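Dear colleague,

Please find the structure below, together with its sequence. I should be grateful if you would look it over before reading the notes that come after it.

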Amino acid sequence: MSAEQASGVIPIHGAAVAAVLKLLASQNLMTLATNRADGRPLASTLGYLNDGLNLYFVTARDSEKLRNITADPRVGVAVRGVGAEGEAVGLSIDGRAEEVTDGDEVRRLNDRIVARSPDISPWAPGADAVAVVKVIPEAVEAVAVIAGRSRAQTFSIGDPEREVQGVSYEPSAVARLF
């Protein structure tokens, strides 16, 4: 048994990626936890867009969230959804956050927002008043309902963009995590 398996953390696999992507696509709010300078956590509920396993959000440039992330990029994220038997119903993500400064990436994200929710206006983060932030997951704890009971499994991520390559999922299908 490897050290990862002994700790309960295993590398993420295709079925888990599919379940996580399904849950992320079905929701639009997350709770983000950042670390204040004095060590106290700051939890904020905000909208997000996922691109694969990476999460993006917009925040005011003068926000406490951005100050905290600039000082300490380690973050925690929680996303809660509802699912059928065997599907992910909640996620807890440990990762790191960084500001997106590439204009092409910001435009691509705006296009994805419009495609996902044409009834809302894009983030329009071109102004100096807001920042686009990317959360890159390092570990994901997924909770699924199995035989009527919730069961959690923690997965290490590695490269989140590589992990989603070649993974397809049917949004209406039951995605087995375990």
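The notes below concern the nonpolar cores and the salt bridges.

This is a predicted model, in which local features need pLDDT of at least 70 and side-chain atom pairs count only at pLDDT 80 or more, while totals for chains, interfaces and linings use all residues. Residues are numbered from 1 along each chain as its sequence is written, and side-chain values use heavy atoms, with hydrogens and water left out.

The largest nonpolar core (buried Ala, Val, Leu, Ile, Met, Phe, Trp, Tyr and Cys residues joined through side-chain atoms within 4.5 Å) has 29 residues, and M30 and L32 have the most contacts inside it. Buried here means under 20% relative accessible area, exposed over 50%, and partly exposed in between (1.4 Å probe, protein chains only). Helix α2 gives the most to this core, with six residues. A second, separate core of seven residues includes V100, L109, I113 and V132.

The whole structure holds nine salt bridges (a side-chain nitrogen of Lys or Arg within 4 Å of a carboxyl oxygen of Asp or Glu). One of them joins E64 and R36 at 2.8 Å, N to O. E64 lies in helix α3 and R36 in the loop between β2 and β3, so the pair ties together parts that are 28 residues apart in sequence. (Helices, H or I of at least four residues, and strands, E of at least two, are DSSP runs numbered from the N terminus.) R36 counts as buried at 19% relative accessibility, whereas E64 is partly exposed at 30%.

Yours sincerely
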